[in-house]
Amino acid sequence: MGRFFRATRPAFLSVTALAVLLGYASTVHDGYTINYLAAILTLIFALIAHAGANVINDYYDALNGCDFAESDRITPFTGGSQTIQNGFLSQKTMAIFGYLLLLSVIPAGIWLTLNSGLGLLVIGTFGLLIGWAYSAPPLKLQSRGLGEWAITAGWLLVVMGSDYVQRHAFSVTPIAVGLGYSLLVANILFINQFPDVRADTTAHKRTLVVRLGTRHARWGYLIILLLCYGWIWMAVALRLLPMYSLLATVPVLPNLLGFYLLMRHAEQPQNLTQAIKITLSCAIAHAMILTYVLVFFA
């Protein structure tokens, strides 16, 4: 069981839990009452869907040789879980496990759809499609340099879906709440690609960092930050979010330190551990602050 759990890359599942909480906070902010049974099911199966996507990613990165070629891995952040490479599980077992995790979400999704509305079916279908297409052929979005867009869309859908389960309708509020956080999650993926450049290049995996080269790609980190925090300011200006939401932009300060470290060490992957930790921590801090503001300053 420990081997299967490790294969899901549990260190990263917290980003999905926070996306779900942001969806609930969005609902509370607009005056809705939380249905706790639906909330618990949504959280559990959002985590399972994320875990399945992670396992599928490891399986396809083993097939293309990417994770076998990994030489600059920063544990546990880059290079996958290494479950296959270390002989803990076979490629076939990983494939079966990953697809079973994704398929197990469907019955819960149908129940939640019946109790909240058909719009959830649309959100869930696109979410599962992105989780699969991120790694799997023929789309292989990450290998085509589209990984950041897929991650942004995927985590925004988690926020929207969690909100929809409670609200039973579409709303602009979860988009205002979730877009900035989704961009910060994409930035985690983005910086994690720097230590993987050599392995990705060897496996012909054309991520955005591989396509741009590490020297030019460094600036992408700053662009994503500007999009995220600029969106929060714009959402407040448009009165889509309350004024106190600006507190959620405070993590930009350590984020800029992460950018500074990336600028210095983009071509020295072994020195990027601190920058990766900062990037992950800032995304978590942003989500926690915004959740608190929406719930207690609504």
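# Close-up views of a predicted model

Helix 12 is the leading contributor to the nonpolar patch, giving three residues, the most of any element. Please keep in mind throughout that this is a predicted model.

**View 1. A nonpolar patch on the surface.** Welcome to the outside of the model, where Tyr244, Leu247, Val250, Leu253, Leu256, Tyr292, Val295, Phe296 and Phe297 form a nonpolar patch with about 890 Å² of accessible area together. Two elements give two or more residues to the patch, namely helix 11 (252-265) and helix 12 (273-296). Leu253 is one of the patch members and belongs to helix 11. Is Leu253 buried or exposed? Its relative accessibility is 60%, so Leu253 counts as exposed.

**View 2. The largest nonpolar core.** Now step inside, with a general point first. In soluble globular proteins, nonpolar side chains tend to be buried together. Here the largest nonpolar core has 73 residues, and Tyr181, Phe194 and Leu241 touch the most other members. At least two residues of this core come from each of helix 2 (14-29), helix 3 (36-63), helix 5 (119-133), helix 6 (147-167), helix 7 (173-192), helix 10 (214-237), helix 11 and helix 12. Which residues surround Tyr181, once those up to four places away in sequence are set aside? Tyr181 touches Ser14, Val15, Leu18, Ala19, Leu22, Trp155, Ala283, His286 and Ala287. There is also a second, separate core of 16 residues, and among them are Leu13, Leu89, Met94 and Ala136.

**View 3. Thr279 and its contacts.** This close-up centres on Thr279, a residue of helix 12. Thr279 has a relative accessible area of 3%, so the residue is buried. Which residues does Thr279 contact, leaving aside neighbours within four places in sequence? The contacts are Asn187, Ile188, Ile191, Tyr221 and Asn255.

**View 4. Cysteines without a disulfide.** How many disulfides does the count give? The count comes to zero. Cys282 is in no disulfide, and its nearest cysteine sulfur, that of Cys228, lies 10.0 Å away. For a pair to count as a disulfide, the two sulfur atoms would have to be within 2.5 Å. Cys282 is buried because its relative accessibility is 4%. Cys66 also counts as buried, with a relative accessibility of 2%.

**View 5. Salt bridges between parts apart in sequence.** Side chains of opposite charge can pair when their charged atoms come close. A search of the whole structure finds five salt bridges.

- Asp58 and Arg9 meet through their side chains at 2.8 Å, N to O. Asp58 lies in helix 3 and Arg9 in the loop between helix 1 (2-7) and helix 2, so this pair ties together parts that are 49 residues apart in sequence. Both Asp58 and Arg9 are buried.
- Lys205 and Asp61 form a salt bridge at 2.9 Å, N to O. Lys205 sits in the loop between helix 8 (197-202) and helix 9 (208-212) and Asp61 in helix 3, so the parts they tie together are 144 residues apart in sequence. Lys205 and Asp61 are both buried.
- Glu267 and Arg215 form a salt bridge at 3.8 Å, N to O. Glu267 is in the loop between helix 11 and helix 12 and Arg215 is in helix 10, so the pair links parts that are 52 residues apart in sequence. Glu267 counts as partly exposed because its relative accessibility is 48%.
- Asp30, Asp163 and Arg167 are joined into one network by salt bridges that share partners.

**View 6. Backbone details in the loops.** Where would you look for a cis peptide bond? One joins Pro137 and Pro138, with omega at about 10 degrees, and Pro138 lies in the loop between helix 5 and helix 6. Gln82 has a phi near 60 degrees, a positive value in a residue other than glycine. Gln82 lies in the loop between helix 3 and helix 4 (91-116), and its relative accessible area of 10% is why Gln82 counts as buried. His204 likewise has a positive phi near 60 degrees and is a residue other than glycine. His204 is in the loop between helix 8 and helix 9, and with a relative accessible area of 68% His204 is exposed.

Terms used. Residues are numbered from 1 along each chain as its sequence is written. This is a predicted model: local features need pLDDT of at least 70, side-chain atom pairs count only at pLDDT 80 or more; totals for chains, interfaces and linings use all residues. Side-chain values use heavy atoms; hydrogens and water are left out. Patches are made of residues with over 30% relative accessible area and no salt bridge: like charges are joined within 9 Å, nonpolar side chains (Val, Leu, Ile, Met, Phe, Trp, Tyr) within 5 Å. Accessible areas come from the Shrake-Rupley method with a 1.4 Å probe; for residues, only the protein chains shown count as cover. A salt bridge is a side-chain nitrogen of Lys or Arg within 4 Å of a carboxyl oxygen of Asp or Glu. Helices (H or I, at least four residues) and strands (E, at least two) are DSSP runs, numbered from the N terminus. Buried means under 20% relative accessible area, exposed over 50%, partly exposed in between (1.4 Å probe, protein chains only). Contact means heavy atoms within 4.5 Å. A nonpolar core is a set of buried Ala, Val, Leu, Ile, Met, Phe, Trp, Tyr and Cys residues joined through side-chain atoms within 4.5 Å.
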